[in-house]
Every structure is written in C-alpha cells, then in structure tokens.
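Q: I'd like a close look at one part of this model and at what surrounds it. Please start from the surface and work your way through the rest in one connected answer.

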Amino acid sequence: MLLKYRVPDSGPHWDRKCDCHVDPKAPLALADAQRTVGWVRAHAGDLHVNPRRIGILGFSAGGHLVADVSTHFDRRVYRSVDAADTASCRPDFAVAVYPGHMREKTTREYQLNPTLPVSRRTPPTFLVQSVMDPVDPVENSLVYYLALKKAGVPVELHLFAHGGHAFGLRPTASPITRWPELLERWLASIGMTAPGR
C-alpha cells in the first residue's frame, strides 16, 4: 500500500523565514502514517496480509516519517475516526532510506532529534544511505542507528561510498543499487518473510 501523506510543513522542516528547524504543532504526516498502519492492521484479513508483518518504508523526508511513526505509536495524534483506530499503529518493522531531519546540532556535535523518542519498543529497523549524500547528510542515519542500538532495538545499517541522494530503486552502476537485496535478506532474518522470497 502506498501512503500519500500531507505536506508541506506537515513534518519537521527548515524554515527559511527564521533560518531554523521547525517542528509542526499539528503533525499531519504522522497522523496519516498512524492512521494507515492501524487501518491496514484492522483490515488485514480483507487485504490478505499478516497483521503481525506490517512494515513501513520511506525515503528522505519519508524516512523521517518512518522514524516518527516508529517512535510514536502509543497515542494517536488525531481524533479517532472509526474502529480501525483501536488497532495498533506500531509497525512490525521499519525501513528508512536516506532519512532526513534525524539529527540536531548541539554543542556536542550531533544528537538525535529529540522529537524521536527511541525506546526498546521501537520496531526493528533497516537503514541505508550514501556517505556522500548532499541533501541529507549521513549523520542522520548514524545518530538514529546509535539511538536504536543503545535502546536494544534490532537494527541494520548499510552505508555506501557512492550513490548520492534519491537513488531509490532504479538500477545504477554503483553497488548501492543492490540495497533491496540486502533488505530482503534482513526481512527474512527477522522473520518477516520466508528466506529466498
């Protein structure tokens, strides 16, 4: 299922007016993601999916949304719509590809964005990024990886020397093009798919 979430300014972003990082008062993108995960779980039988194998995957700002819904699943950020909102909106696994808005600059270099409260209940996570990403620097994946590891969350991180930003799924000559195969193996290793599928 593909989620088209609400933008702009529905998630953390850089505001040119104040030249600063801004977190929205109404996190519309998070509301959309929470609603979608819960809705899919509530309708798993009709959709012919396993309600214990529902994951979320996102690229760039969508990678941040993956972390957002992975760390905000105990309480909905919107008013309940129907019975689907009683189903858990916690993903069973998460995949963040070149995620953005994960780090905060402090006097101590970089730390994880404090709006992402990683806990031991954060779902197993797969991260992939190019070290030479000119849009969302690799520190975004690194600070999230370290927070997940510290919390005891199963996490796998793949960094590639080349690939830039927005490499997505299209085939290239760079080794980064094989990241979907690594993801497939990881999903099997955490019991989300059968090996070789």
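A: Happy to. A nonpolar patch here joins Val, Leu, Ile, Met, Phe, Trp or Tyr side chains within 5 Å of one another, taken from residues that have over 30% relative accessible area and no salt bridge. In this predicted model, Val 131, Met 132, Leu 142 and Leu 159 make such a patch, with an area of about 330 Å². Leu 142 brings us to the part I would pick for the close look, helix α4, which runs over residues 139–151.

Let's begin with its geometry. Helix α4 has 13 residues, so at 1.5 Å a residue it should span 18 Å; the C-alpha atoms at its ends are 18 Å apart, in agreement with that expectation. Which residues of α4 are buried? They are Asn 140, Ser 141, Val 143, Tyr 144, Ala 147 and Leu 148. These residues lie on the same side of α4, because they cover an arc of only 170° around the axis. Turned away from that buried side is a face with the exposed residues Leu 146, Lys 149 and Lys 150. Just after the helix comes Gly 152, whose phi is positive at about 80°.

Now for the stretch that precedes the helix. Met 132, one of the patch residues, sits in the loop between β7 and α4. Its relative accessible area is 56%, so Met 132 is exposed. Asp 133 is found in the loop between β7 and α4, but with a relative accessible area of 6% it is buried, since the limit for that is under 20%. Asp 133 also comes within reach of a later part of the chain: its C-alpha is 7.3 Å from that of Gly 163, with the two positions 30 residues apart in sequence.

Next, what ties the helix to the rest of the chain? The side chain of Glu 139 in α4 meets that of Arg 103 in a salt bridge, at 3.8 Å from N to O. This pair links distant parts of the chain, as Arg 103 belongs to strand β5 and Glu 139 to helix α4, 36 residues apart. Both partners are partly exposed: Arg 103 has a relative accessible area of 23%, and Glu 139 has 28%. In general, side chains of opposite charge can pair when their charged atoms come close. The structure holds seven salt bridges.

Following Arg 103 back leads to the loop between β4 (93–97) and β5 (103–106). Most residues other than glycine have a negative phi, yet this loop offers two residues with positive values. Tyr 98, in that loop, has a phi of about 35° and is buried, with a relative accessible area of 5%. His 101 is placed in the loop between β4 and β5 as well, with a phi near 60°, and counts as partly exposed at 27% relative accessibility. The backbone oxygen of His 101 is reached by the side chain of Asn 113 at 3.1 Å. Asn 113 itself lies in the loop between β6 and β7 and is buried, at 1% relative accessibility.

Terms used: Residues numbered from 1 in each chain as written. Predicted model: local features only at pLDDT ≥ 70, side-chain atom pairs only at ≥ 80, totals over all residues. Heavy atoms only, no water. Helix = DSSP H or I, 4+ residues; strand = E, 2+ residues; numbered from the N terminus. Expected span 1.5 Å × (residues − 1). Buried < 20%, exposed > 50% of the residue type's maximum accessible area, 1.4 Å probe, protein only. Arc of directions from axis to C-beta. Polar contact = N/O pair within 3.5 Å; in protein donor to acceptor, adjacent residues only side chain to side chain. Patch = residues over 30% accessible without salt bridge, like charges linked within 9 Å, V, L, I, M, F, W, Y side chains within 5 Å. Areas by Shrake-Rupley, 256 points an atom, 1.4 Å probe, with all protein chains shown as cover. Salt bridge = Lys/Arg side-chain N within 4 Å of Asp/Glu carboxyl O.
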